[in-house]
Amino acid sequence: MRAWLKRNRWGLLALPLLVLALPLPQIDRYYNVFVAAPYRVAVEAPPGEQVSYGGGRMWLVSAQPFRPVDHFGDPVSVPAGFTFIHAVVGFKVDTGDALSACSIFLEDSLGRRHGPDPVALTRTPYRSDTCMDLEGRSLTFQADLYFLLPPGADPAAIRIELDRERPRFVRLLAR
Amino acid sequence: MSRRRLLHVASGIVLILLALAAAQGLDRLRPSIAHQQGSFVRSAPTGVAVDLRLASLTVTSVRGSQTVLTPDSRYTAVTDGVFVAVRVKVVPYTEPVAFSMLEARDEAGNRFLPTTLAAQPIATGVTFQPGYGTEGEIVFEVPAESAPSLRLWAQIPAIARADTVADLPLGIRPADVAAWQASSETLVPHDLEVSP
């Protein structure tokens, strides 16, 4: 037995290393799934300040509660405690479509991401803008965004994500 | 070759063959690709929420009729079977979600998509926001004999492999179907509603 151990000592020492090396051929996959793909690096701007991201600059103009009305001028009814938020984000882009593929969310005080244009605004004139001036006239423009927050939630930040900028994303802090 | 050497080589070959046989046996025990990457099917009765990883889904009620109001609200559509309106409540947890599949299936394996004869405010395409519930109805047109075994199938991600799929029995009784067929009431799908 001792002779066998001595004869195979290098192989036995290499065995645990080989086991540890098993995932190496797919290391790029793990890197993409756990490191490169998730949005995990926040580029933050306090209220009133700008950030540069993905070929443009952006800043939060305002994020305030508002009371929407439908096409007939009647207030849109939601259960008590719900709050509609009207956010305005300013953009200054290098080219008209620099940020065209972006996604915009409202982050609430509990860390949840809310998309614009909730179903409660379906039959109203309110439609959120995007990260590009759809009329294509100006490289500096403002986007109106409409959200609905449930009871107990406050706006914390406007979050902007661009696929090609992963893992970086923008948080325009509301306070 | 000495007898001892011969025995050494033979035992080595036998050990290799045994290892190959063991590997073959282990390989047969391995689950199939379909099993490994299959969906996690979760079920719950009417009124009980099922967890779909990104959101919860509850069938809150079911009603039916032979007549339904068309999407433009000007006409009614009549069927030889029944229109079944399934009211559901969706509560996403932390991010907006949209369903990639909402369909009804009967015990014979027939699959029914939401009918185009009725307004479908909650069918695929609607984005549900987190932190609160959104309720609405999905209307299916099905043969009367299919209705008692009808189940709602729903999934959120575009790729169902290795993810959760809801399989919710609708609990329709034959007596319900008979009552719906006898009724002259027009089914008017409810609008979407939000709730805490």
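## Contacts along chain A

Among contacts in chain A between residues at least 6 apart in sequence, what percentage join residues at least 24 apart? In this predicted model, the figure is 72%. That is a handy number to keep in mind while you look around the chain.

## Chain A as a whole

Let's begin with the parts list. Chain A has three helices and nine strands. Starting at the N terminus, the three helices come before the nine strands, in the order α-α-α-β-β-β-β-β-β-β-β-β.

Next, its dimensions. The C-alpha atoms of chain A occupy a box of roughly 95 × 40 × 30 Å along the principal axes. The radius of gyration is 25 Å, whereas a compact globule of 175 residues would be near 16 Å. As for burial, 29% of the 175 residues in chain A count as buried.

## Strand β5 and its partners in chain A

Strand β5 of chain A covers residues 103–108, and it runs antiparallel to strand β8 (residues 155–161), with six bridges joining the two. Strand β5(A) also pairs with strand β6 (residues 113–114), again in the antiparallel sense, this time over two bridges.

Glu107(A) is a good residue to find here. Its bridge partner in β8(A) is Ala157(A), and its bridge partner in β6(A) is Arg113(A). If you follow the chain from β5(A) to β6(A), you pass through a hairpin with four residues between the strands. In that turn sits Gly111(A), with a positive phi of about 85°.

## Helix α1 of chain B

Now over to chain B, where helix α1 takes in residues 3–29. Its 27 residues should span 39 Å at 1.5 Å a residue, and the C-alpha atoms at its ends are indeed 39 Å apart, so expectation and model agree.

Is this helix buried or in the open? The number of buried residues among its 27 is zero, so α1(B) lies largely in the open.

## Val50 in chain B

Our last stop is Val50(B), which belongs to strand β2 (residues 50–51) of chain B. Why does Val50(B) count as buried? It has 20 C-beta neighbours inside 10 Å, and the cut-off for a buried residue is 20 or more.

Leaving aside residues up to four places away in sequence, Val50(B) touches Arg42(B), Ser43(B), Ala44(B), Ser56(B), Leu57(B), Ala166(B) and Leu168(B). Ile16(B) makes a useful second landmark: it is 34 residues from Val50(B) along the chain, and the C-alpha atoms of the two are separated by 50 Å.

Conventions: Residues are numbered from 1 along each chain as its sequence is written. Chains are lettered from A and ligands numbered from 1 in the order in which they are written. This is a predicted model: local features need pLDDT of at least 70, side-chain atom pairs count only at pLDDT 80 or more; totals for chains, interfaces and linings use all residues. The radius of gyration is taken over C-alpha atoms; the globule rule is 2.2 Å times the number of residues to the power 0.38. A residue is buried if 20 or more other C-beta atoms lie within 10 Å of its own, exposed if 12 or fewer, and partly exposed in between; C-beta atoms are placed from the backbone. Two residues are in contact if their C-beta atoms, placed from the backbone, lie within 7 Å. Two strands pair if DSSP finds at least two bridges between them. The expected span of a helix is 1.5 Å times one less than its number of residues.
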